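Reader: Hi! Could you walk me through this one?
Author: Happy to, let's put it on screen.

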Amino acid sequence: VQLQASGGGLVQAGDSLRLSCAASGSSFSGHIMGWFRQAPGKEREFVAAISWSGGVTYYADSVKGRFTISRDNAKNSVYLQMNSLKPEDTAVYYCAADLSGYYSRSYYSQEAIYDYWGQGTQVTVSS
């Protein structure tokens, strides 16, 4: 599976961005998909994830109410709509795919369940 993240950029605090992650090389619909981010000097952290059907989503507390994850299995894509961006959202954002699709929501935030990772897209939020 190859994952290609895009949509990052430089925005001001309060602005919105929509990240996209396009998957290729495998059947996309069976995967749990996640977004993670890594700020300079910090460890990578979980942002959001969505079940293979799109019926279950899970968010980090820091983005809940501001970010929305969605997917379009027909387009082999997952999205992260980011609203009300803050300077602390500045990071490289990575999409990831779990091939099994079997994990329950409680596992979505764990990096270990994800088998494939995209290359990342930079999001910079100025104050």
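Author: We'll go through a strand and its partners, the disulfide, an arginine, the aromatic residues and a loop glycine. Keep in mind that this is a predicted model.

Reader: Great. Which side chains of β11 are buried, and which are not?
Author: In β11, residues 121-126, the buried ones are T121, V123 and V125, which point to one face. Q122, T124 and S126 point to the other face and are not buried.

Reader: Is that alternation a general thing or a quirk?
Author: General: side chains in a regular strand alternate between the two faces of the sheet.

Reader: Which way does β2 run against β11, parallel or antiparallel?
Author: Parallel, with four bridges joining β2 (residues 9-12) to β11. For a landmark, take L10, whose bridge partner in β11 is T124.

Reader: And how many bridges join β9 to β11?
Author: Three, and here the two strands run antiparallel; β9 covers residues 91-98. V92 has Q122 as its bridge partner in β11.

Reader: Switching topic: how many disulfides are there in the whole structure?
Author: One turns up in a search of the whole structure. C21 and C95 form that bond, with their sulfur atoms 2.1 Å apart.

Reader: Where do those two cysteines sit?
Author: C21 is in strand β3 (residues 17-24) and C95 is in strand β9. They are 74 residues apart, so the pair links distant parts of the chain.

Reader: Buried or exposed, that C21?
Author: C21 is buried, at a relative accessible area of 1%. C95 counts as buried too, with 0% relative accessibility.

Reader: Why is the disulfide called right-handed?
Author: Because the torsion about the S-S bond of C21 and C95 is about 60°.

Reader: Now I'm curious about R37. Which strand is R37 in?
Author: R37 is in β4, which spans residues 32-38. At 5% relative accessibility R37 counts as buried, because the cut-off for buried is under 20%.

Reader: What does the side chain of R37 make a polar contact with?
Author: One partner is the side chain of E45, at 2.6 Å. The side chain of D89 also makes a polar contact with that of R37, at 2.9 Å.

Reader: Which other residues is R37 in contact with?
Author: Setting aside neighbours within four places in sequence, the list includes V47, S62, V63, F67 and Y93. A91 and V92 are on that list as well, and V92 is the residue we met as the bridge partner of Q122.

Reader: On to the aromatics. How many aromatic pairs are there?
Author: The count comes to six. One aromatic cluster is formed by F36, F46, Y58, Y114 and W117.

Reader: Nice. Which arginine lies over the face of Y79?
Author: That's R18, at 4.0 Å from the ring centre. There's also R44, which lies over the face of Y94 at 5.4 Å from the ring centre.

Reader: Last stop: where is G30?
Author: G30 is in the loop between β3 and β4. G30 is partly exposed, with a relative accessible area of 28%.

Reader: How far apart are G30 and W52?
Author: In sequence they are 22 residues apart, while in space they are 5.1 Å apart, C-alpha to C-alpha. W52 is one of the contacts of G30 outside its neighbours within four places in sequence, along with D98, L99, S100 and G101.

Reader: Perfect, thanks for the tour!

Notes:
Residues numbered from 1 in each chain as written. Predicted model: local features only at pLDDT ≥ 70, side-chain atom pairs only at ≥ 80, totals over all residues. Heavy atoms only, no water. Buried < 20%, exposed > 50% of the residue type's maximum accessible area, 1.4 Å probe, protein only. Pairing = 2+ DSSP bridges. Disulfide = S-S within 2.5 Å. Polar contact = N/O pair within 3.5 Å; in protein donor to acceptor, adjacent residues only side chain to side chain. Contact = heavy atoms within 4.5 Å. Phe/Tyr/Trp six-rings, centres within 6.5 Å; stacked < 30°, edge-to-face > 60°. Lys NZ or Arg CZ within 6 Å of the ring centre and 35° of its normal.
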